[in-house]
Every structure is written in C-alpha cells, then in structure tokens.
Amino acid sequence: MKKHDEERPPLPEQPDSSGVSRRDFLKISSISVAVPMVVGPTVVNVAGEEVPVYGPGPVPVTLNVNGKLLKAQLEPRVTLLDALRDQFELTGAKRVCDRAECGACTVLLDGKPVYACSVLAVDAQNRKIETIESLTGPGNTLHPIQQAFIQNDAQQCGFCTPGFVVASKALLDKYPKPTPEQIHHELAGNYCRCGTYAGIRAALGGKKEA
Ligand code: FES
Ligand code: FES
C-alpha cells in the first residue's frame with residue numbers, strides 16, 4: 001500500500017440515511033469487482049450480511065419516486081441522484097460535491113433524508129423516494145416550508161435550497177416545533193456557501209426577520 005493511502009483517515013459512517021453506509025458502499029463496490037461477470041442480481045455474503053450484486057451491464061431498475069413507479073435500464077454504478085436527474089428529468093436535487101458532503105442532493109428515502117449522490121439507484125428500489133418536486137402543490141403552489149424560506153430570505157444563489165427544504169421537511173415531520181438545537185442537529189448535513197443560515201433558522205423557527 002502506498003504511503004499516502006496509509007495516512008488517509010478512515011471514512012466516516014453515514015448510518016441513518018440509506019441503510020447503506022459509505023463504508024458498506026465501498027465494500028459492495030469491491031465485492032462487485034471480485035465476482036465473475038454475471039447477468040442479473042445474485043447474492044453474496046459480506047461480513048455476515050446477504051448483499052445483492054447486479055450487473056455489470058445495465059439492469060432493469062424500478063424506483064418509487066413521488067408516488068410514481070419509474071423504470072429504466074441502469075448500470076449498477078448509477079447513483080440515485082444521476083438516475084433522478086439524467087433518466088427521469090427530476091432536477092430539483094442538485095449535484096454539487098457529488099461525494100456526500102454538502103447536502104444539495106438531499107432526498108427522502110422512506111421518510112429519512114439521504115444524500116442521493118451516495119445511494120445507488122439499484123439499492124433505492126422498493127423504497128419510498130420523495131424529492132423536492134413532491135412538495136409542490138396543485139397549480140404549482142409552494143409548500144409552506146418553501147414560502148417560509150422566501151419570506152425569511154433563506155436563499156441567495158439557491159443551489160443548496162432544495163436540499164435544505166427537503167431536510168427541513170424531514171425535520172418538521174420529526175419535530176413540528178423544533179428547538180434551535182434540533183434545527184442545528186437535523187440540518188448539520190447541509191451546507192450553504194452563501195451563508196443563509198440565519199434565514200433558514202428563522203424560516204423553521206417561525207421568527208420574523210428584522
Ligand atoms: S451533491 Fe450529494 S452531498 Fe453534495
Ligand atoms: S443559497 Fe447559495 S449555497 Fe446556499
């Protein structure tokens with residue numbers, strides 16, 4: 001092993017999002033390389049757990065997105081974010097860091113916020129996926145969270161905003177009247193380069209900005 005590989009710190013876990021931690025993602029990736037060329041999913045044992053292995057070519061994938069079943073032929077390496085944006089034209093979730101750091105790609109998986117850039121589309125099958133597009137009401141009316149963001153100047157360039165709104169929905173589903181500490185904790189996975197945090201806190205806390 002090269003010296004710089006040895007000095008690299010271990011990757012953190014992302015335990016409460018997709019059910020597939022970043023470490024498991026890497027384990028699965030390495031197993032996929034080791035398995036002979038197969039067509040269709042098979043199952044291998046990884047650290048005592050049964051893990052489906054797909055591919056390596058395109059496989060049929062069905063995703064339950066915003067209450068609709070969307071189908072495509074996707075290579076197993078395709079992330080949920082790429083599937084949403086490039087296959088199904090749902091571009092609300094943004095691709096910014098593409099490495100589970102910024103939260104711009106946040107969607108809900110069975111009600112929990114996850115980084116869509118770090119979940120494989122094949123692993124999101126049989127789960128309930130909700131994107132920012134699901135929040136828009138009839139006649140393109142805004143969700144109350146979106147209205148609160150506007151009223152409190154909680155966005156500037158807006159690139160992070162869909163991720164923050166989706167994460168905020170998960171927060172408010174969990175804590176209808178969140179404390180400042182709960183807001184801080186539940187949104188800790190989202191970053192805003194424009195520094196609109198005060199507006200976001202005001203939008204979620206119901207306080208009027210001066
Ligand atoms: S684009 Fe997914 S976390 Fe940044
Ligand atoms: S509003 Fe620009 S990154 Fe958040």
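**Close-ups of a predicted model**

**View 1. Two cysteines and how they sit in the model.** Cys 194 comes out as partly exposed, because its relative accessibility is 28%. This is a predicted model, so keep that in mind for every view here. Cys 105, on the other hand, is buried, with just 3% relative accessibility. As for disulfides, the count is zero.

**View 2. Helix H5 packs against helix H7.** Here we look at H5 (residues 161-174) and H7 (residues 197-205), which pack at an angle of about 35° with their axes 12 Å apart. The crossing of H5 past H7 is right-handed. On the H5 side, the contact uses Phe 164, Ser 168, Leu 171 and Leu 172, while H7 brings in Tyr 197, Ile 200 and Leu 204. Sorted by type, the residues of this contact are six nonpolar and one polar, with no charged ones.

**View 3. Lys 169, a buried lysine on H5.** Staying with helix H5, we find Lys 169 there. With a relative accessible area of 17%, Lys 169 counts as buried, because the cut-off is under 20%. Which residues does Lys 169 contact, leaving aside its neighbours within four places in sequence? They are Leu 108, Glu 130, Leu 135, His 143 and Ile 145.

**View 4. The largest nonpolar core.** This core has 29 residues, and those with the most contacts inside it are Leu 63, Leu 74, Leu 80, Ala 83, Val 107, Ala 124 and Ile 129. Strands S3 (59-65), S4 (68-74), S5 (106-109) and S6 (112-115), along with helix H3 (80-87), each supply at least two of its residues. Zoom in on Ala 83 and you see it touching Leu 63, Leu 74, Val 78, Phe 88 and Ala 121, not counting residues up to four places away in sequence. There is also a second, separate core of 20 residues, with Phe 149, Phe 164, Leu 187 and Ala 203 among them. Phe 164 turned up in View 2 as well, on the H5 side of the contact with H7.

**View 5. Gln 125, tucked into a loop.** Gln 125 belongs to the loop between S6 and strand S7 (128-130). Is Gln 125 buried or exposed? Buried, with a relative accessible area of 15%. Its C-alpha atom is separated by 6.0 Å from that of Thr 62, although the two are 63 residues apart along the chain. Setting aside neighbours within four places in sequence, Gln 125 is in contact with Tyr 54, Pro 60, Val 61, Thr 62 and Leu 63.

Technical notes. Residues are numbered from 1 along each chain as its sequence is written. Chains are lettered from A and ligands numbered from 1 in the order in which they are written. This is a predicted model: local features need pLDDT of at least 70, side-chain atom pairs count only at pLDDT 80 or more; totals for chains, interfaces and linings use all residues. Side-chain values use heavy atoms; hydrogens and water are left out. Axes are lines fitted to C-alpha atoms, for helices over the stretch in contact, and angles run from 0 to 180 degrees between N-to-C directions. Helices (H or I, at least four residues) and strands (E, at least two) are DSSP runs, numbered from the N terminus. A crossing is left-handed if the near helix is turned anticlockwise from the far one by less than a right angle, and right-handed if clockwise. Contact means heavy atoms within 4.5 Å. Ala, Val, Leu, Ile, Met, Phe, Trp, Tyr, Cys and Pro count as nonpolar, Asp, Glu, Lys and Arg as charged, and the others, Gly among them, as polar. A nonpolar core is a set of buried Ala, Val, Leu, Ile, Met, Phe, Trp, Tyr and Cys residues joined through side-chain atoms within 4.5 Å. Buried means under 20% relative accessible area, exposed over 50%, partly exposed in between (1.4 Å probe, protein chains only). A disulfide is a pair of cysteine sulfur atoms within 2.5 Å.
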